[in-house]
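Biologist: Please show me the sequence and the structure, and then let us discuss the fold by question and answer.

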Amino acid sequence: YNIYYTQSKSTGQNYSPYLLINSLSLNQRLSRVFTTNAQTARTDNLEVDGSHVIYDYSAAITATPLATLNHTLRVTRQTDQHHEMTRSSNFLYFNNTLMPYRGFSVNLSAVQGEEKSETGQRSRNTILTAGSTITPHRTMTINLYYTDLKSRATNSAVANESDTRTSTASIAYQPYETLYLYAAYATSQTSRSDATGGPPTRTQNY
């Protein structure tokens, strides 16, 4: 069980913002391969826009059949009560990590989530990520990642959809303790199917 509290006071303000978190967590090893953990928490937060009461719930199970192979499935839920309005979100995470060789690892993950409020606003997101980390030498690290984000936002009878695909490559090299070199390149393309229409948006970062 964990409890955290902080409060600040300033002259000239007619309120004192504070943050209070109460959480309870459980971890249990079921066997040599499977472990599980769960957590529940309540957050009371007072800010300029008013008070928030947030409830968080999460549960996860991890399978490690091999020292170099790991699978994790996690479910989360959050509700935020603010000004007599409630927003809620539900997410499902599935992550896989494989290290077939020393200095080379592969990661594949998927996220499915939904957020909604009492005003009728709703959004759904699906994120798929694949990547690898290569360490050919202790002084060099190479990262390669690809992400596909599909989003659908609904407000009353209007629905907006977007699909963003991002590819990233980076390399870090530290030949000496006092010298660090880094380079990265990322390209992203977003396609939308809403009232604005238009061609896909492409972005490149160096």
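Biologist: How many bridges join strand E5 to strand E6?

Modeller: This is a predicted model, in which local features need pLDDT of at least 70, side-chain atom pairs count only at pLDDT 80 or more, and totals for chains, interfaces and linings use all residues. Residues are numbered from 1 along each chain as its sequence is written, and side-chain values use heavy atoms, with hydrogens and water left out. Strands are DSSP runs (E, at least two residues) numbered from the N terminus, and two of them pair if DSSP finds at least two bridges between them. E5 spans residues 69-82 and E6 spans residues 85-101; they run antiparallel, and the number of bridges joining them is 14.

Biologist: Which residue in E6 is the bridge partner of Thr72?

Modeller: Thr72 falls within E5, residues 69-82. Its bridge partner in E6 is Asn95.

Biologist: Which strands are the edge strands of the sheet?

Modeller: The open sheet has 12 strands, ordered E1-E2-E3-E4-E5-E6-E7-E8-E9-E10-E11-E12, with antiparallel pairing. Pairing on one side only marks the edge strands, namely E1 (2-7) and E12 (201-205).

Biologist: What radius of gyration does the chain have?

Modeller: The radius is taken over C-alpha atoms, and the globule rule is 2.2 Å times the number of residues to the power 0.38. For a compact globule of 206 residues the value would be near 17 Å, whereas the chain has 22 Å.

Biologist: What percentage of the residues count as buried?

Modeller: Buried means under 20% relative accessible area, with a 1.4 Å probe and protein chains only. Of the 206 residues of the chain, the buried share is 22%.

Conventions:
Helices (H or I, at least four residues) and strands (E, at least two) are DSSP runs, numbered from the N terminus. Buried means under 20% relative accessible area, exposed over 50%, partly exposed in between (1.4 Å probe, protein chains only).
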